[in-house]
Amino acid sequence: TRGTVTAFSPFDARADAEALRKAMKGMGTDEETILKILTSRNNAQRQEIASAFKTLFGRDLVDDLKSELTGKFETLMVSLMRPAYIFDAHALKHAIKGAGTNEKVLTEILASRTPAEVRNIKQVYLQEYEANLEDKITGETSGHFQRLLVVLLQANRDPDGRVDEGLVEQDAQVLFRAGELKWGTDEEKFITILGTRSVSHLRRVFDKYMTISGFQIEETIDRETSGDLEKLLLAVVKCIRSVPAYFAETLYYSMKGAGTDDDTLIRVMVSRSEIDLLDIRQEFRKNFAKSLHHVIQKDTSGDYRKALLLLCGGDDD
């Protein structure tokens with residue numbers, strides 16, 4: 001794994017549970033202890049701590065965290081306590097709940113997860129919420145954006161194998177004709193090719209497309225499409241090129257300019273901390289000429305900042 005958070009050793013769930021109880025008992029809260037423990041244990045260990053907490057004190061650790069902490073720090077600690085397998089399903093449920101849909105969350109998760117991860121998300125969604133994720137998403141979205149989401153939800157992207165150069169040439173030509181050469185755009189062709197071909201095949205298609213058209217595929221998508229479809233197509237292309245680079249950019253823009261998109265910052269830091277946050281840090285440094293650590297340091301404050309910096313796991317400046 002290329003995560004910044006790994007299994008803590010020597011690990012003692014009961015001792016951690018006792019330390020957390022002590023940190024929250026009586027007047028005042030010892031935030032430092034809470035953030036140190038929860039950011040240095042991996043998700044499986046946090047689940048063991050929660051279970052020991054209940055056994056020892058008959059209390060729910062997450063409920064206690066919610067009543068003792070506030071604001072973004074509370075959101076971050078509670079997110080860390082969410083079982084890893086349910087994290088994405090929960091984020092998607094909240095993205096399509098109530099008035100208005102959070103297209104950004106749908107785009108980020110469905111463009112970046114592997115077919116195996118998407119299949120798992122659908123299964124968990126059904127078990128946890130007794131609802132079909134695809135039905136829920138189609139009920140809340142429309143048009144070509146909806147169609148591409150449905151294609152991605154099928155999780156039937158071709159497995160990586162030998163790349164057929166003839167098909168590479170053909171796909172690149174089809175995309176060229178569907179976009180740059182056509183008055184209007186044949187979105188369907190973009191959806192089918194970008195949503196179903198293998199990663200190694202598409203990387204070759206993007207190179208070939210550049211040779212044929214003189215444009216990067218991203219430039220064409222930018223010109224030929226708009227709105228949520230454009231954002232989703234671009235996210236898919238970026239993730240085909242490099243998932244860590246996609247998340248580095250997502251983190252950068254969550255903190256750029258006035259105000260911080262804390263929901264995105266928390267979601268990415270928590271969901272990638274055990275997968276590829278080291279690679280994301282590397283891409284961040286390469287593409288934005290400063291370290292992720294530095295930008296978090298500058299953009300956040302208090303215990304929230306301390307916890308995020310511990311998850312970040314080091315500075316690359």
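These are my notebook entries on a predicted model of a protein chain.

**Entry 1: overall build**

I began with the secondary structure. The protein chain has 20 helices and 0 strands. Next I looked up how compact the chain is: its radius of gyration is 21 Å, and the globule rule gives 20 Å for 317 residues, so the chain is as compact as a globular protein of that length. I also took the box along the principal axes, and the C-alpha atoms fill roughly 70 × 45 × 40 Å.

How many of the residues count as buried? I noted 47% of the 317 residues. For the contacts, I kept to pairs at least 6 apart in sequence, and 72% of these join residues at least 24 apart.

**Entry 2: surface and charge**

The accessible surface of the protein chain comes to about 14900 Å². Carbon and sulfur atoms account for 48% of that surface. I then turned to the charged side chains and found 44 positive and 51 negative ones. Where do the centres of the two sets lie relative to each other? They are 1 Å apart.

**Entry 3: backbone oddities**

A reminder to myself before this one: most residues other than glycine have a negative phi, and most peptide bonds are trans. I went looking for exceptions.

Which residues does a cis peptide bond join? I found Ser9 and Pro10, with omega at about -5 degrees. Pro10 sits in the segment before α1, the helix that spans 13-24.

Then I looked at phi. Ala155 is not a glycine, yet its phi is positive, at about 55 degrees. I placed Ala155 in the loop between α10 (143-154) and α11 (165-178). Ala289 also has a positive phi of about 55 degrees without being a glycine. Ala289 belongs to the loop between α18 (277-288) and α19 (292-299).

Are these two alanines buried or exposed? Ala155 has a relative accessible area of 5%, under the 20% cut-off, so I wrote it down as buried. Ala289 has a relative accessible area of 63%, over the 50% cut-off, so it goes down as exposed.

**Entry 4: cysteines**

How many disulfides does the count come to? I got 0. Cys239 is in no disulfide, and the nearest cysteine sulfur to it, that of Cys312, is 20 Å away. A disulfide needs the two sulfur atoms within 2.5 Å, so this pair does not qualify. From the other side, Cys312 is likewise in no disulfide, with the sulfur of Cys239 as its nearest at 20 Å.

I checked their burial too. Cys239 is buried, with a relative accessible area of 8%. Cys312 also counts as buried, at 0% relative accessibility.

**Entry 5: Asp88**

I picked out a few single residues to look at, starting with Asp88. Asp88 is in helix α6, residues 84-95. Is Asp88 buried or exposed? Its relative accessibility is 13%, under the 20% cut-off, so Asp88 counts as buried.

Which residues does Asp88 touch, leaving out those up to four places away in sequence? I listed Ile109, Arg113 and Ile121. I also took one C-alpha to C-alpha distance: Asp88 and Val118 are 30 residues apart in sequence and 9.2 Å apart in space.

**Entry 6: Arg59**

Arg59 lies in the loop between α3 (43-57) and α4 (61-68). With a relative accessible area of 33%, Arg59 falls between the 20% and 50% cut-offs, so I have it as partly exposed. Beyond four places in sequence, Arg59 touches Arg21, Phe53, Lys54 and Asp64. For a long step in sequence I took Lys306: Arg59 and Lys306 are 247 residues apart along the chain and 26 Å apart in space, C-alpha to C-alpha.

**Entry 7: Ala13**

Last stop, Ala13, which I found in helix α1. Ala13 counts as buried at 13% relative accessibility. What does Ala13 touch, not counting residues up to four places away in sequence? I wrote down Glu48, Ile49 and Ala52. From Ala13 to Ile34 the C-alpha to C-alpha distance is 14 Å, and the two are 21 residues apart in sequence.

Methods: Residues are numbered from 1 along each chain as its sequence is written. This is a predicted model: local features need pLDDT of at least 70, side-chain atom pairs count only at pLDDT 80 or more; totals for chains, interfaces and linings use all residues. Side-chain values use heavy atoms; hydrogens and water are left out. Helices (H or I, at least four residues) and strands (E, at least two) are DSSP runs, numbered from the N terminus. The radius of gyration is taken over C-alpha atoms; the globule rule is 2.2 Å times the number of residues to the power 0.38. Buried means under 20% relative accessible area, exposed over 50%, partly exposed in between (1.4 Å probe, protein chains only). Contact means heavy atoms within 4.5 Å. Accessible areas come from the Shrake-Rupley method with a 1.4 Å probe; for residues, only the protein chains shown count as cover. Lys and Arg count as positive and Asp and Glu as negative; His and the chain ends are not counted. The place of a charge is taken as NZ of Lys, CZ of Arg, CG of Asp or CD of Glu.
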